[in-house]
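Let's walk through this one together, from the outside of the chain to the places where its parts meet. Have the viewer open as you read.

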Amino acid sequence: MYMNIFIIIIFIIGLMSISLNRFHLFMVLLCLEFFVLILFISMIFYLNFFSNEMFFSMFFLVFSVCEGVLGICNLILLIRIHGNDYFCVLNIF
């Protein structure tokens, strides 16, 4: 019961941080990794609660590391091309 409330509060804090730091790509990537960490903690909690196999958590960690590496590669590419990590330098529209 308390763990669910704790995870929801941490998720809301992550949403607030991503909305406050939306101008820098690096801060957005850190917030997304924070969400991955929240998902991993909740997945471990629920897998232990239902006595299921913990092998799926290893797959989740592998894919989350690959996602983090792709984000860092995009950040490095953006900084090399534009000189900073602001979203305003991208021509999205």
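Start with the surface: the accessible area of the chain is about 7,200 Å², and 78% of that belongs to carbon and sulfur atoms. Areas like this come from the Shrake-Rupley method with a 1.4 Å probe, and for residues only the protein chains shown count as cover. Keep in mind that this is a predicted model, where local features need pLDDT of at least 70, side-chain atom pairs count only at pLDDT 80 or more, and totals for chains, interfaces and linings use all residues. Residues are numbered from 1 along each chain as its sequence is written, and side-chain values use heavy atoms, with hydrogens and water left out.

Now for the fold. The chain has three helices and zero strands, so reading from the N terminus you get α-α-α, with helices (H or I, at least four residues) and strands (E, at least two) taken as DSSP runs numbered from the N terminus. The chain's radius of gyration is 16 Å, well over the 12 Å that the globule rule gives for 93 residues, so the chain is more spread out than a compact globule. That radius is taken over C-alpha atoms, and the rule is 2.2 Å times the number of residues to the power 0.38. Along its principal axes, the C-alpha trace spans about 50 × 25 × 20 Å.How do the helices pack? Two packed helices are described by the angle between their axes and the distance between the axes. Here the axes are lines fitted to C-alpha atoms, for helices over the stretch in contact, and angles run from 0 to 180 degrees between N-to-C directions. Helix 1 (residues 2–20) packs on helix 2 (residues 25–49) at about 170 degrees, with the axes 9 Å apart. That makes the pair roughly antiparallel, the label for angles over 145 degrees (under 35 is roughly parallel, 65 to 115 roughly perpendicular, and the rest oblique). Helix 1 brings residues including I7, F11 and L15 to this contact, while helix 2 supplies F34, F35 and F45, among others; contact means heavy atoms within 4.5 Å. By class, you'll find 15 nonpolar, four polar and no charged residues there. In this scheme Ala, Val, Leu, Ile, Met, Phe, Trp, Tyr, Cys and Pro are nonpolar, Asp, Glu, Lys and Arg are charged, and the others, Gly among them, are polar.

Helix 2 also meets helix 3: their axes come within 11 Å and cross at roughly 180 degrees, so these two are roughly antiparallel as well. Among the residues involved are L32, E33 and V36 of helix 2 and F60, S64 and E67 of helix 3. This contact divides into 15 nonpolar, four polar and two charged residues.

Zoom in on S64, which lies in helix 3 (residues 55–82). Is S64 buried or exposed? At 10% relative accessibility, it counts as buried, since buried means under 20% relative accessible area, exposed over 50%, and partly exposed in between (1.4 Å probe, protein chains only). Leaving aside residues up to four places away in sequence, S64 touches E33 and V36. Across the chain, 23% of the 93 residues count as buried.

For contrast, look at F50, in the loop between helix 2 and helix 3. F50 is exposed, with a relative accessible area of 54%. Its C-alpha atom is 37 Å from that of N21, 29 residues away in sequence.
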